[in-house]
Amino acid sequence: MPVEIPKDKWTGKVRTVTLGATAAEGGTRTKSIVVGGDTTMPFMQFEAPTAHTPVIAIEIKSRKPDDWSSLLEETWGSVMSDPAAWAKAAEAAGADMIVLWLSLEDTADDAMRAVKSVLAATGLPLAVYGPGQVDKDNELLVAVSESANGEKLLLGICEDKNYRTIAATSMANGHLITARTAMDVNLAKQLNILISDMGLPLDRVIMDPTTGALGYGMEYGYSVMERLRLAALQGDAMTQLPMMVTPGFETWKTKESKVGVGVPEAWGDWKERAIHWETLTATALLESGASIVVLRHPESLKRVRTAITELMTA
Amino acid sequence: MAEHTVTFTTADGKTATVHAQTGLLLAEAAQNAGIDIGQPCGGQGRCGRCAVQVTAGNVRRRSTLRLSSEALELGYALACQSVVEGDVSIFVPEQEKIERKLTTDRVAAEVSIPAGYDFNWSQTIRRYNVRLNEPSMDDQTDDWSRLQTILRQQHKLESVTCSLQLLRRLGAILRDAKWQVGVVGNLRDKNMLEIIDVLPEMVDEDEPLYAAAIDIGTTTVSFWLVDLMTGKVVSQVAEYNGQISRGEDVISRIIYSSKGTGRDELQKRVTDTINALCATACKRVKSRPAEVIKATIAGNSTMIHLLLGIPAASIRYSPFITACNHPPITTARELGLNFSPDALIDCLPGVASYVGSDITAGVLSSRIDSAEDVTLFIDVGTNGEIVLGNQDWLVTCACSAGPAFEGAGVVHGMRATNGAIEEVWINGDTYEPTTRVIGNSKPKGICGSGLISLIAEMFLTGVLDKAGNVNLTIPTNRVREGEHGGEYVLSWASESETGQDITITRVDVDNLLRAKAAIYAGFSVLAEQVGMTLADVQQMYIGGSFGKYINVEKAVQIGLLPDMPWEKFNFLGNTSIKGAYYTLLNADERERIKDIANRMTYIELSADNTFYDAFTSALFLPHTDMAKFPTVQSAFANQSS
């Protein structure tokens, strides 16, 4: 007996967003990335093919981080003290995109120099995030934005208490922004409205609805992302933005990934466990609608890539 | 334990000395010394308004959360958080005075007597004139039997009862009145009379018989003196609830009542308020409180508990249970009210911890329980209680909006008294404000209606973004970075009564947005619970004095009230006391309010995530879903274009 699989029909569509500008587009990237455009729930290929393959970004820092797991130091080695070399290594590891976090110690000149060196080292699209302190973020990002005019960088992170400056500079210099809110559908939507009220077109905004690691609130983030996607498909224009989440950042701070000694034997091999944690969290978030996942470990990148490939062909 | 000498000096030069043991709170020591120090937060150390100055000696400060380092250096301490540990001298600064400007002072509208009121038909209260036979050696019947017998003979009252207290006075009354008395009582059944009072003379049919309808609000107590013979409200008075200085909201009061002798003190404070109101009301009609023979009282559940002296602590904690929703009828004597000692005190039935008899009385008087149209009723006081329904069903909930709209939790907030900015207009080009101040004086602060108006204007002119952030990039010196983030200067120091800039800060805006979001979320969740949307609501009733002065358009613009045509809004004033009045006049109405209390389905908003979701969605100007506010959307578009 033939079984007919029911298909959902949606009226809404996630906006298509292009990151990174090639020479033809006024930048220096060797390729740009297109995300979004979804017309169904994730990977429902039988309803409609996934418009754009989800993207994996690698997180790097402008200065060598002192709080990262030794497992990460082991794998990246000396490049961690040089953002350009690190970006190059990430590209070699298969990253589609680089997310460069600036540091609190950076001056505007340091930030511009770091960005310039990363742009020179790889042709991948680049996101540049401030250290997360309002005044510092605004100071560094404005400098970076102006010096990298036209590159279609993804600047961040905009939050509801601090979005004006970043949105304005990105509007003036042809960049995009990341809008982050704390795991809540309404908050996400509100920030998008605020940004849109400033006049920045929403096809230059990526939303980061915030997530947690597996076992640390991921399921809550998952359901928020799922609800955002459902709202988007139902036609709510203010939620029709591609989503970017940071499973690398989340999982590498959990005890399971961070601690190798003094834990139960049943937890198994430390390195394998840490990579599983990052991979599983990222894969689940792709299933809930993420267009960009930001990872830290190159092995996780490889495994998540395999998962994406299989989901795209399934 | 060591005993110390504590000397208090007040701003007006009064000095009082008391002995106190180590560890006694300054607030208690002051009370022992007969000096009143207000504790608006109920003694939690949160408001900082009980600060006193230590001029000699020292005290131990448990918390200094609300004191600046300069104040500490000058020796200031919070009276509710500092304890005696040695001989000490304390200066008590001038206490905040509550300047009276109550709604009833503005308008005491004539209350119309319900149609068809007839004392004999509507009341269970009876007044009889009786002439007793004087006792003699031939007739040695005791006084009480003598009275019972005549009532049985003349009025077919088979069972007549009275209190011991009345019996103690009876002999004297009968003899002073030369055996001709008036008897006031309550018919329990057709033939059963409970005597309330024996009057020392016979009374004419048209002599008034006084009773009271009372609304105990967290902030204001209203008192209507009623002549039961005609049903007429003969005088209306209102006064701030004497408990205010021991907590401005119900939670602070519950906290205060749970400590030491707090419960007794609060009970006394509210009965003192009622007694004073009664005295004033009676004086206006040349009567005395002792002539008041009955009162019906409506109030939120906490107020009723505190009046009755019932522990209220369980109201505050999950699962939020009252000690009783249908309090028994008691007497004035038992509560310490100066009415006729056996006057019946009938506290009306409530529904739940946060939906009290003020709301059931509101439903009764606004007649939602017999309305055909789906009606949304809100009583905005310190809490926002909401009722949705019609003749077939009623659902209710309470959202803790907090006292932001009463000016609390806002730096320059104040009650609607003289000097309060009550309306604001902001010029969209210059960002300069124009204000209207109550009493046409220099501004001292901003009251609830002023705050609503201010937020709406700031939003529409772009001073605030939709999230309530102050836009510091607009070209005016009215906006600036303050201690708590962005702020807007409404009045410069040179124009204000206080000599300080009157500002609204980011924190204030957040508090107000939370208050309005809680109320709007309450509306939407209640509608959702019965499978409706706010668009299905056919009429909106707004109770409480709050509704009287707010500008509906502005309240809609900030998303406090749903975007509906203006003609659907009805402002009813104090519906609670009106309900108390109706039940006072008519036994059937008293039955009806019981039925209302039983019929109302209470929705506990904290039971699941629905409310939180609706709340965050409403935590935006006017709302995350702009489509719910079409008129605001177009006003906003016009303004920004």
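Begin the tour by selecting helix α7 of chain A, in which Met218(A), Gly221(A), Tyr222(A), Val224(A), Met225(A), Leu228(A), Arg229(A), Ala232(A) and Leu233(A) are buried. Keep in mind throughout that this is a predicted model. To see what covers those buried residues, add α6 (185-197), β9 (243-245), α10 (270-287) and β10 (290-295) of chain A to the selection, since the cover includes these elements. A distance between the two end C-alpha atoms of the helix, residues 218-233, gives 22 Å, which agrees with the 22 Å that its 16 residues should span at 1.5 Å a residue. Just beyond, α7(A) is followed by Gly235(A), and the phi of Gly235(A) is positive, near 105°.

Next, display the boundary between the chains, where 11 residues of chain A are in contact with 10 residues of chain B. On the side of chain A that touches chain B, α6(A) gives the most, with seven residues. Colouring this side of chain A by residue class shows six charged, three nonpolar and two polar residues.

Now turn to the nonpolar interior, and select Ala57(A), Ile98(A), Leu100(A), Val128(A), Val293(A), Ala212(B) and Phe223(B), which have the most contacts inside the largest nonpolar core, a set of 248 residues. Helix α14 of chain B (residues 506-529) contributes the largest share of this core, with 13 residues. Both domain 2 (119-199) and domain 3 (404-510) of chain B give residues to the core, so it lies between them. Another core, apart from this one, holds 24 residues, including Phe8(B), Ala29(B), Ala51(B) and Ala77(B).

For a closer look at one member of the largest core, centre on Leu100(A), which, leaving aside residues up to four places away in sequence, touches Ile60(A), Ser62(A), Pro83(A), Ala114(A), Val115(A), Val118(A), Leu126(A), Ala127(A) and Val128(A).

Moving to chain B, show its open sheet of six strands, which run in the order β12-β11-β10-β13-β15-β14 with mixed pairing. At the edges stand β12 (232-240) and β14 (330-331), and each has a single partner strand, so one side of each is left without a neighbour in the sheet. Within the sheet, select β10 (residues 210-216) and β13 (residues 292-299) of chain B, which pair in the parallel sense over six bridges. One position to label here is Asp215(B), whose bridge partner in β13(B) is Ala298(B).

Finish by colouring chain B according to its domain assignment, which gives domain 1 (3-92), domain 2 (119-199) and domain 3 (404-510). The C-alpha centres of domain 1 and domain 2 of chain B lie 55 Å apart.

Notes:
Residues numbered from 1 in each chain as written. Chains lettered and ligands numbered in written order. Predicted model: local features only at pLDDT ≥ 70, side-chain atom pairs only at ≥ 80, totals over all residues. Domains from an automatic or database assignment. Helix = DSSP H or I, 4+ residues; strand = E, 2+ residues; numbered from the N terminus. Expected span 1.5 Å × (residues − 1). Buried ≥ 20, exposed ≤ 12 C-beta atoms within 10 Å, placed from the backbone. Contact = placed C-beta atoms within 7 Å. Nonpolar A, V, L, I, M, F, W, Y, C, P; charged D, E, K, R; others polar. Core = buried A, V, L, I, M, F, W, Y, C linked by C-beta atoms within 7 Å. Pairing = 2+ DSSP bridges.
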